[in-house]
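Student: I would like to go through this model by asking what stands behind each label. Can we take the structure first and the terms as they come up?

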Amino acid sequence: SRAGGDGKPEKFQPPPKPVIIDKQKQRAERRFLSPEFIPPRGRTDPLKYYMERKDMIQRRKVFNIPEFYVGHVLAVTTADPYANNKTNRFVGICIQRGGKGLGATFVLRNVIEDQGVEICYELYSPRIQAIEVLKLEKRLDDNLMYLRDALPEYSTFDVNMKPVSRLDHEEVPVNKLQVRMKPKPWSKRWERPKFNIKGIKFELPESKMKEAQKWSQPWLEFDMLREYDTSKIEEKIWKEVNEELKK
Amino acid sequence: MRLSVSLLISHGRVFRRLGRGPRHRLDLLRNLVTALVRHERIEAPWARADEMRGYAERLIDYAKRGDTDERAMRMANFWLTEKDLIHKLFKVLAPRFQPHPGAYTRLLQIPNRDALDRAKMAVIELKGNPLPPLARPRRDSEKTLLNQLLKGYREDSGLGAAE
């Protein structure tokens, strides 16, 4: 403070500049290429995948398909000629994403009135009118088919659930939930190492777990010709898709 | 008992069925890869050499990543049963093939084996090896009859045009 007879005015100190964190830029840094864009390894002509990609981008320009993984809870409204409002809304957890190109599908599961229901939707079907992501969370596995043999409480989701808002655009949270199963027999022997499931809490005796390990194939991880390195293909397709979408 | 039809159809399958099962197939190929890295030129049945070629080239691609890479070291440890060859792989073969982007091996067919099975044999070698060169088939040889006749025709017509 200016106490005393200080004739000279103090040098003006400007206030510290506020640090502006540009959320737009942060959002653009995170890359997510939907898995159906990556062509599988095979002898098909890449022209087929190129043409499908053009159609997929065209559809994405008209209709927004959000980024989602296996384990997210989605609400899908499709056009239904026999319903009251001509629309049909289904809420469920995504247990599997399959197919490549325009035929890409995802399976939603929910338990409605004690009956398990799974519906397989095609991402690029023109009957789909809206896809909303209600809950963002990844699970430990890529394929949650074991929920069919898990206790029904793990597959029930409220149909009128409100979307859980997520503000951080950085990481999708991974839910390390270990699911409890119904008593055996199951539809598939999930304890076998071929499925490589990490999201089940196995309450089987040790002898059963050891017997399941007999089917393990330790040489498979060293079989170099089975590896499919998609990083370069992904880079090219990412650039192509982004350029097209910006137009 | 229904024997599945799908086991007989092999559309799109890229791996051959060698040996007593998938584990044995990998063991056979592993022995061949070890021998190739040790001697740099081996004779083997053509089918086994062809299968082995892909694995040998991928092994060299892993070796190019350097021996500090954990995954490369584990792969080399699995694929080379004689552990002194791991050093040779990382210190001799990886620098030799550093400038090359792809094919590091050469597969050539040789006359059938003398044993009772008369198996189709091949010789597989790493390029740039210090052994004397193999007799590779040259397609466009000057000594073929057609090429000699064409050469004569060209010389005659060239002399005619010059005059």
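Tutor: Let us start with Arg109(A), which counts as buried at 9% relative accessibility. Keep in mind that the model is predicted.

Student: Why is Arg109(A) called buried?

Tutor: Buried means under 20% relative accessible area. Arg109(A) has 9%, so the label applies.

Student: What makes the pair Glu118(A) and Arg109(A) a salt bridge?

Tutor: The closest N and O atoms of Glu118(A) and Arg109(A) are 3.1 Å apart. The cut-off is 4 Å, between a side-chain nitrogen of Lys or Arg and a carboxyl oxygen of Asp or Glu. The pair is within that limit, so it is a salt bridge.

Student: Why is Glu118(A) called partly exposed?

Tutor: Its relative accessibility is 28%. Partly exposed is the range between under 20% and over 50%, so Glu118(A) belongs there.

Student: What are the values for Asp223(A) and Arg226(A)?

Tutor: Asp223(A) forms a salt bridge with Arg226(A), with the closest N and O atoms 3.0 Å apart. Asp223(A) has a relative accessible area of 2% and is therefore buried. Arg226(A) has 43%, so the label is partly exposed.

Student: How many salt bridges does a search of the whole structure find?

Tutor: The search gives 28 over all chains. Some are linked: Arg16(B), Arg25(B), Asp50(B) and Glu51(B) are in a network of salt bridges.

Student: How many salt bridges cross the interface of chain A and chain B?

Tutor: The rule finds two. One of the salt bridges in the structure pairs Arg74(B) with Glu221(A), at 2.9 Å between the closest N and O atoms.

Student: Why does the pair Arg74(B) and Glu221(A) join two chains?

Tutor: Arg74(B) lies in helix α3 (residues 70-79) of chain B, and Glu221(A) in the loop between α3 (206-212) and α4 (231-246) of chain A, so the pair joins two chains. Arg74(B) has a relative accessible area of 35% and is partly exposed. Glu221(A), at 40% relative accessibility, is also partly exposed.

Student: How is the size of the contact between chain A and chain B given?

Tutor: Chain A and chain B bury about 1400 Å² between them. Carbon and sulfur atoms hold 66% of that area. Trp219(A), Phe222(A) and Met224(A) supply 53% of the area that chain A buries against chain B, more than any other three residues.

Student: How many residues does the contact take from chain A and from chain B?

Tutor: It takes ten residues from chain A and 15 residues from chain B.

Student: How many residue pairs between chain A and chain B are in polar contact?

Tutor: The count is seven residue pairs, with both residues at pLDDT 80 or more. By class, the side of chain A that touches chain B has five nonpolar, no polar and five charged residues.

Student: What makes the link between Arg97(A) and Glu36(A) a polar contact?

Tutor: Their side chains are joined at 3.1 Å. The limit is 3.5 Å for a pair of N or O atoms, so the distance qualifies. The side chain of Arg97(A) also reaches the backbone oxygen of Phe68(A), at 2.6 Å. Arg97(A) itself lies in strand β2 of chain A.

Student: Which residues have the most contacts inside the largest nonpolar core?

Tutor: They are Phe106(A), Tyr146(A) and Leu147(A), in a core of 46 residues. Among the elements of chain A that each supply at least two residues of this core are α2, β1 and β3 (105-112). The largest share, five residues, comes from β2(A). Apart from this core lies another, of 40 residues, including Leu225(A), Met52(B), Trp79(B) and Leu85(B).

Student: Is His72(A) buried or exposed?

Tutor: His72(A) has a relative accessible area of 0%, which is under 20%, so it is buried. His72(A) is found in the loop between α2 (46-62) and β1 (73-79) of chain A. Beyond four places in sequence, it touches residues including Glu67(A), Cys94(A), Val133(A) and Val172(A).

Student: And why is Asn160(A) called exposed?

Tutor: Its relative accessibility is 59%, and exposed means over 50%, so the label follows. Asn160(A) sits in the loop between β5 and α3 of chain A. Asn160(A) and Val91(A) are 69 residues apart in sequence and 8.3 Å apart in space, C-alpha to C-alpha.

Note on methods. Residues numbered from 1 in each chain as written. Chains lettered and ligands numbered in written order. Predicted model: local features only at pLDDT ≥ 70, side-chain atom pairs only at ≥ 80, totals over all residues. Heavy atoms only, no water. Contact = heavy atoms within 4.5 Å. Buried area = accessible area lost by both parts, 1.4 Å probe. Polar contact = N/O pair within 3.5 Å; in protein donor to acceptor, adjacent residues only side chain to side chain. Nonpolar A, V, L, I, M, F, W, Y, C, P; charged D, E, K, R; others polar. Buried < 20%, exposed > 50% of the residue type's maximum accessible area, 1.4 Å probe, protein only. Helix = DSSP H or I, 4+ residues; strand = E, 2+ residues; numbered from the N terminus. Core = buried A, V, L, I, M, F, W, Y, C linked by side-chain atoms within 4.5 Å.
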